[in-house]
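Student: I have a structure open and don't know where to begin. Can we go through it together?
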Amino acid sequence: MASLIDWDYLAALSGGDRDFEQELLQTFVEDAQLRLASLVAAVASGNLDQIKRDAHHLKGSSGNVGVTAIQNIAAQLEQQTTLAAAQPLVDELQQLYQAVVSEVAA
């Protein structure tokens, strides 16, 4: 499977410092976990404003560390106007997040 992390982008960002790259990714993973939990709660409670805020934050943070698959889905989620459209995107974000966690841990 292809990497979900743009390692070239991350290397350029970190100046080739692998420890710093891991630190950035770990910070992203921890933050994304909180955002995803908030997204799940927002979908369950029907709070579209919170969904948009969390999606916007996740879009930015994933872009900052070169995880463009999450960035792209979060951007789509940010534009949703119904819960029915938001739910499958949140599900997809959770799957992508788990794949990134596995990759970071490897």
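Tutor: We will go through some helix pairs and a few residues. Keep in mind that this is a predicted model.

Student: OK, start at the beginning. What angle do α1 and α2 cross at?
Tutor: Helix α1 covers residues 7-14 and helix α2 covers residues 18-45; their axes cross at roughly 110° and come within 9 Å. An angle from 65 to 115 degrees counts as roughly perpendicular, so α1 and α2 are roughly perpendicular to each other. The crossing of α1 past α2 is right-handed.

Student: Which residues meet there?
Tutor: From α1, W7, L10, A11, L13 and S14. They meet R18, F20, E21, Q22, L24 and L25 of α2. By class, the contact of α1 with α2 has seven nonpolar, two polar and two charged residues.

Student: What happens at the start of α1?
Tutor: There, D6 has a side-chain oxygen that comes to within 3.2 Å of the backbone nitrogen of D8. Just after α1, G15 has a positive phi of about 70°.

Student: Moving on to α3 and α4. How far apart are their axes?
Tutor: The axes of α3 and α4 are 8 Å apart, and the two helices pack at an angle of about 155°. Angles over 145 degrees count as roughly antiparallel, so α3 is roughly antiparallel to α4. The crossing of α3 past α4 is left-handed.

Student: And which residues of α3 take part?
Tutor: I51, K52, A55, H56, L58, K59, S62 and G63 are the α3 side, and they meet I70, Q71, A74, A75, L77 and E78 of α4. The contact of α3 with α4 divides into seven nonpolar, four polar and three charged residues.

Student: Tell me about S62. Buried or exposed?
Tutor: S62 sits in helix α3, residues 48-64. Its relative accessible area is 0%, and buried means under 20%, so S62 is buried.

Student: What does the S62 side chain reach?
Tutor: The backbone nitrogen of Q71, at 3.1 Å. Beyond its neighbours within four places in sequence, S62 is in contact with F28, V67, I70 and Q71.

Student: Now D54. Which helix is D54 in?
Tutor: D54 is in helix α3. D54 is buried, with a relative accessible area of 0%. Setting aside residues up to four places away in sequence, D54 touches R35, S38 and L39.

Student: Next pair: how do α4 and α5 pack?
Tutor: Helix α4, residues 68-78, and helix α5, residues 83-105, pack at an angle of about 165°, with axes 10 Å apart. That makes α4 roughly antiparallel to α5. α4 passes α5 in a left-handed crossing.

Student: Who makes that contact?
Tutor: On the α4 side, A69, I70, I73, A74, Q76 and L77; on the α5 side, A86, L89, V90, E92, L93, L96, Y97 and V100. Those residues of α4 and α5 divide into twelve nonpolar, one polar and one charged.

Student: You listed A69. How accessible is A69?
Tutor: A69 lies in helix α4. Its relative accessibility is 23%, and A69 counts as partly exposed.

Student: What does A69 contact further along the sequence?
Tutor: Apart from neighbours within four places in sequence, A69 is in contact with L4 and L96.

Student: And how far is A69 from I51 in space?
Tutor: 18 Å, C-alpha to C-alpha, and A69 and I51 are 18 residues apart in sequence.

Conventions:
Residues are numbered from 1 along each chain as its sequence is written. This is a predicted model: local features need pLDDT of at least 70, side-chain atom pairs count only at pLDDT 80 or more; totals for chains, interfaces and linings use all residues. Side-chain values use heavy atoms; hydrogens and water are left out. Helices (H or I, at least four residues) and strands (E, at least two) are DSSP runs, numbered from the N terminus. Buried means under 20% relative accessible area, exposed over 50%, partly exposed in between (1.4 Å probe, protein chains only). A polar contact is a pair of N or O atoms within 3.5 Å; within protein, one must be able to donate a hydrogen and the other to accept it, and residues adjacent in sequence count only if both atoms are side-chain atoms. Contact means heavy atoms within 4.5 Å. Axes are lines fitted to C-alpha atoms, for helices over the stretch in contact, and angles run from 0 to 180 degrees between N-to-C directions. Angles under 35 degrees count as roughly parallel, over 145 as roughly antiparallel, 65 to 115 as roughly perpendicular and the rest as oblique. A crossing is left-handed if the near helix is turned anticlockwise from the far one by less than a right angle, and right-handed if clockwise. Ala, Val, Leu, Ile, Met, Phe, Trp, Tyr, Cys and Pro count as nonpolar, Asp, Glu, Lys and Arg as charged, and the others, Gly among them, as polar.
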